[in-house]
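Reader: I am new to this structure. Please take me closely through one part of it, and then show me how that part fits with the rest.

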Amino acid sequence: MTNIDTLKSLTQLTYDSVEGYRKAAEKATSPALTRALDQRREKRAQTLATLNSGLQEFGEEPITSTSVKGTIHQTWLNITDAFESGDEAAAERVEEGEDFLAEQFENALKDESVDSRVRPMIETAYQDVRIGERFGDMIEKQYA
């Protein structure tokens, strides 16, 4: 995978997670959880904007729609169904999605072929992803 492909892939996953948070907030029954999900979505949207700016620096189009296929997309889509089963199931799905996203960023950072122009963008975005991963753990504990 090229550096640009790696950046595109991570940006797509980030976009999917923004949409997942939006859908989850729409389905949440707890007002506190809805607010927390909306706040996390806003932070993740900022990370998406940063990644999209990075793509544009390389002459690429920004990611503006969800992926048609992919594991994270499917995980986030399952959040919608989970909220119909209650906040507990949804919190578990958010936690799963965040763990998957963090793993993808970690794998990219372990890839020694990612060059010095792309690596800082991934590292910066990874900081938000780590916060999201901790958020997922927190809400899973709170609502499980």
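Author: Start with one residue, valine 129. This is a predicted model. Setting aside residues up to four places away in sequence, valine 129 touches Arg44, Glu98, Leu101, Ala102 and Phe105.

Now place that residue in its core. The largest nonpolar core has 21 residues. Val129 is among the five that touch the most other members, together with Leu7, Leu10, Phe105 and Ile122. Four elements each give two or more residues to this core: H1, H2, helix H4 (87-110) and helix H5 (119-143). Another core lies apart from it, with 12 residues. Tyr21, Ala24, Leu33 and Val94 are among its members. There is a general pattern to keep in mind here. In soluble globular proteins, nonpolar side chains tend to be buried together.

Step back to the whole chain. The protein chain has five helices and zero strands. Along the sequence, the pattern reads α-α-α-α-α. Of the 144 residues in the chain, 48% are buried. Take the contacts between residues at least 6 apart in sequence: 75% of them join residues at least 24 apart.

Next, the helix pairs. Begin with H2 and H5. Their axes come within 10 Å and cross at roughly 165 degrees. H2 and H5 are therefore roughly antiparallel to each other. The crossing of H2 past H5 is left-handed. From H2, the residues that meet H5 are Ala32, Leu33, Ala36, Leu37, Arg40, Lys43, Arg44, Thr47, Leu51, Gly54 and Glu57. From H5, their partners are Met121, Ala125, Asp128, Val129, Ile131, Gly132, Phe135, Ile139 and Tyr143. So valine 129 appears again, and Arg44 too, a residue that valine 129 touches. By class, the contact of H2 with H5 has 12 nonpolar, three polar and five charged residues.Turn to H1 and H4. These helices pack at an angle of about 165 degrees, with their axes 11 Å apart. That makes H1 roughly antiparallel to H4. H1 passes H4 in a left-handed crossing. H1 brings Thr6, Leu10, Leu13, Thr14, Ser17 and Tyr21 to the contact. H4 brings Val94, Glu98, Phe100, Leu101, Gln104, Phe105 and Ala108. The classes here are eight nonpolar, four polar and one charged.

The pair H1 and H2 comes next. Helix H1 covers residues 3-27, and helix H2 covers residues 31-57. They pack at about 160 degrees, with axes 9 Å apart. H1 and H2 are therefore roughly antiparallel to each other. Their crossing is left-handed. The contact of H1 with H2 divides into 13 nonpolar, seven polar and six charged residues.

Finish at alanine 144. This residue sits in the segment after H5. Alanine 144 is exposed, with a relative accessible area of 58%. The cut-off for exposed is over 50%. Leaving aside neighbours within four places in sequence, alanine 144 is in contact with Glu88, Glu92 and Ile139. Alanine 144 and glutamate 92 are 52 residues apart along the chain, yet their C-alpha atoms are separated by 7.5 Å.

Key:
Residues numbered from 1 in each chain as written. Predicted model: local features only at pLDDT ≥ 70, side-chain atom pairs only at ≥ 80, totals over all residues. Heavy atoms only, no water. Axes fitted to C-alpha atoms, helices over the stretch in contact; angles between N-to-C directions. Parallel < 35°, antiparallel > 145°, perpendicular 65-115°, else oblique. Left-handed = near helix turned anticlockwise from the far one by under 90°. Nonpolar A, V, L, I, M, F, W, Y, C, P; charged D, E, K, R; others polar. Core = buried A, V, L, I, M, F, W, Y, C linked by side-chain atoms within 4.5 Å. Buried < 20%, exposed > 50% of the residue type's maximum accessible area, 1.4 Å probe, protein only. Contact = heavy atoms within 4.5 Å.
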